[in-house]
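Visitor: I am new to this structure and would like a close look at a single part of it. Could you pick one residue and walk me through its surroundings?

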Amino acid sequence: MPTEKPRYTVIVDEELLKRIDDFRFENRYPSRSAATLDLIRLGLEEIEKRQKRAKK
């Protein structure tokens with residue numbers, strides 16, 4: 001069943017793709033997309049934490 005969620009394409013170099021794939025397999029994600037989504041979420045959470053600490 002097709003998703004109604006927005007889609008976009010990201011172009012990465014070979015080294016970054018390898019790092020994403022390594023993360024995927026080490027953490028047993030079912031797909032590259034699932035791993036990439038979690039990496040984005042983790043990155044955004046870390047940025048938000050740093051911004052909150054900087055405001056103190």
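Guide: Let us look at Arg 24, which is buried (under 20% relative accessible area, 1.4 Å probe, protein chains only) yet has no salt bridge (a side-chain nitrogen of Lys or Arg within 4 Å of a carboxyl oxygen of Asp or Glu). Its nearest side chain of opposite charge (Lys and Arg count as positive, Asp and Glu as negative; His and the chain ends are not counted) belongs to Asp 21, 5.0 Å away.

This is a predicted model, where local features need pLDDT of at least 70, side-chain atom pairs count only at pLDDT 80 or more, and totals for chains, interfaces and linings use all residues. Residues are numbered from 1 along each chain as its sequence is written, and side-chain values use heavy atoms, leaving out hydrogens and water.

Arg 24 sits in helix 1, residues 14-26; helices are DSSP runs of H or I with at least four residues, strands are runs of E with at least two, and both are numbered from the N terminus. Leaving aside residues up to four places away in sequence, Arg 24 touches Tyr 29, Pro 30, Ser 31, Arg 32 and Ala 35, where contact means heavy atoms within 4.5 Å.

Asp 22 is also in helix 1. With 30% relative accessibility, Asp 22 counts as partly exposed, the class between buried and exposed, the latter being over 50%. The C-alpha atoms of Asp 22 and Arg 32 are 9.9 Å apart, with the two residues 10 apart along the chain.

For the wider setting, 11% of the 56 residues of the protein chain count as buried.
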